[in-house]
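Reader: I am new to this structure and should like to learn how its terms are applied. Please take me through them.

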Amino acid sequence: MNKIELFVDLILPVPINQLFTYRVPVEMIDDCEEGKRAVVQFGPKKIYSGIIKKIHNSKPENYKVKSILSILDKNPIINQQQFKLWDWIAEYYMCSVGEVYKAALPAGLRLESNTVIHYNEDFFETFEAGNELKFSKKEEAVLDLLSNNKSLILSDISKSLSSNNVINYIKILQEKGAVKIEESIKSDYKEKTESFVSLSDNLNNEIEINTALDSLKRANKQSELLLHFLEITKYDSEFKLLEISKKELLEKSGLANETLNQLVKKGFLKISKKSISRLINIKPNLIIPPKELNEAQNQAISEIKNQFKEKDTVLLHGVTSSGKTEIYIHLMEEYLKIGKQILYLLPEIALTTQIIERLKIHFGDKIGVYHSRFNNAERVEIWNNISLLDEMDLTRYQIILGVRSSVFLPFSNLGLIIIDEEHENTFKQYNPAPRYHAKDSALVLAKVHNAKTLLGSATPSIETYLNAKTGKFGLVELKSRYKDISMPEIVVSDIKEARRKKQMKSHFSPVLLENIKIALDKKEQVILFQNRRGFSPYIECGECGWIPKCEYCDVSLTYHRNTNQLVCHYCGYAYTNPNSCKACNSTNIKTRGFGTEKVEEELGIFFPNHIIKRMDLDTTVKKNSHAKILSGFEKSEIDILVGTQMVTKGLDFDNVSLVGILDADQMLNFPDFRAYERSYQLMAQVSGRAGRKNKQGKVIIQTLNPKNKIIIDVINNDYNNMFINQLSERKQFSYPPYFRLINITIKHKTIEIVDYVSNFFADELKKIFKTNVLGPEYPIIGRIQNYYLKNILIKIDKKENQNKAKKIIKHIANHIKLIDKFKSVQIVYDVDPQ
């Protein structure tokens, strides 16, 4: 009786919108399970690990089906809830599920084209003894290459032999036994091991140990090390033989590695390697219960729990320093008691540094952290930790604190998602696909787990606040600061008037400099916000007006004084700052505008006896750089902290009495329909860093237009007025939250092709969507990394069927891609662009 053939549909990490069917070899059927990784050949030479999405008996009829090469996992690494989230993201954000897979899995779990082929020497010994197997010329070429190298990765063999289908010959050689293929493809992830020292099997009792010590009377250092080992491991008369790490033994004894090796040679000690975790266990000296909540916080948490009975999502709208984090902590405790997992999402890695310090004293090693500054191996270990099947395993994290990529983790029993600073645009992924928004994805994740979501912000996004006001979300408000501390005093400094009176000192008004001096004299700290990194946005020739631009992007280069380089912030192109103009050879080169680096340098001139540090992308590249800067500021080792948006988001410092916003107009005048909303959020948030614990703080806003309505709303702390005004404008001009937006970017290295394709695309769209299609238009930066860009913006009424609109868009795009000369055109979709 013939066995029924088994097939699997795999998700592969490729930007093709389909699943891929492979045959399951008979010997792998028992191991085949949805959610496991399977290694397969894709095309003539690529090898990938795919995720088994579906198992079935339907054999494809139109092509020859390849077999999977191996199954990598004992247990599934992807669960059904994750599959539902991946499918939603792929459909909603108009990308392939393969692109979602690539974004979701840590790189250490995505194995690609690094199969190692080994020359089987044992086989050739048998072959020479009379085996009559023959090899083709191609097979002999592979064997000759391997005989010289013993082991090679598949892509190197393909390259050396200039052959695209070398995998076929390797498979034949494997069947003949001439080569061996590693069971798993080479992975970025390797277990971390450490050497441990224990007594050898020769020393089974106290008499044998004493005999060993007697034999070492002339080897003082060896005797000393053995005694150290016995003392440190607390060897007792019951002969409970313990072990110690090699590193710890040598450090505590102060003796050399050679001494240890001699004891191993003599058979007194033995060394073994053990797998250890890379994850740092967060174990504070003492777990303390959460602080008692005040009356307003108790009222808020009670309202949240009541609203969770009817609604899955609740917005906690609380002013800065109202104690939202303490409410989160109390709520988390309740969900831990019923055995649920919790995801605590933050918009910035910098915030995880400070929040983890607050959470670990309450939750200890129940909490783990996940973000992109961890290396691949650390991310794999966190993933594996959350995947643990045994919910009673004490090493399993119950709380994950992380940034947007945390929504992809393999939760199995998620009960609560907290999204702090929910308004932040850093929750949105820009490049590459999937261009997902972590907030919206988290709401879907909560739905598939039947979990609850708490959104928190002092300045919620207009879309979220409208959902709360119209009853789609629950709404709970905290209108006063913790311990009734006053909101900061906000002073507007008119720099237009100060310039007219010639009172400005570089980019600082006299009001700002005077208040910085007052704060520093009182041993208080200052935060200065400038939303542009670098020393100067650009340099310019004072004679002919020449401005250096990127060779690959249509943008001026930013001057970085620290490295004396001109840098493109779009593609990374850089070169040393020129001493003279490349157009007219003049040496009259001037810097224009200012960034955080220039602010830091000039403050050093005004306040030479104080410590000034900068927190922006340039100073926080290294893994723990955020933590070092924030820890130094928290300990008052830094007097003035200059930063970009990083300093506006939820940070809490007791001794900050003054916040300065150096250039409010840069935010207000940005050409974007969200500019006023974002400006309000940034100014209100950074203002909230002042006077949080002990007394009222002060905020100084430098602007050319003190009567701007958003600045007036910030002064009055009037979020509601900003909300009503912006809502009216959005409705009038058909923008979110009343319309959904899809931005389509056409990319190609030839500008004529970009023009033709974008015009054709827009014309076809206008036939259907009429006046709700804007463009095509060149963006502010019209060329990036040598690719010309053109944008088409589509507005879709929320009452309309968005899925139908997306199908129409993709149908037109597919028609364009069928034309040979346009096959290399890139069409990029950004749904709900930020």
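The exchange below concerns two sheets and one helix.

Author: This is a predicted model, in which local features need pLDDT of at least 70, side-chain atom pairs count only at pLDDT 80 or more, and totals for chains, interfaces and linings use all residues. Residues are numbered from 1 along each chain as its sequence is written, and side-chain values use heavy atoms, with hydrogens and water left out.

Reader: What makes β3 and β4 a pair?

Author: Two strands pair if DSSP finds at least two bridges between them; strands (E, at least two residues) and helices (H or I, at least four) are DSSP runs, numbered from the N terminus. Strand β3 (residues 37-42) and strand β4 (residues 46-56) have six bridges in the antiparallel sense, so they meet that definition. Within this pairing, Q41 stands opposite I47 of β4.

Reader: Why are β2 and β5 called edge strands?

Author: The open sheet of five strands has the order β2-β1-β4-β3-β5, with antiparallel pairing. Its edge strands, β2 (20-23) and β5 (70-71), each pair on one side only.

Reader: How is helix α1 placed against β4?

Author: Helix α1 (residues 80-92) lies across β1 (7-11) and β4, and runs at about 110° to β4. Axes are lines fitted to C-alpha atoms, for helices over the stretch in contact (heavy atoms within 4.5 Å), and angles run from 0 to 180 degrees between N-to-C directions.

Reader: What makes β22 and β23 a pair?

Author: β22 and strand β23 (residues 565-567) share three antiparallel bridges, therefore the requirement of at least two is met. H560 stands opposite Q565 in β23.
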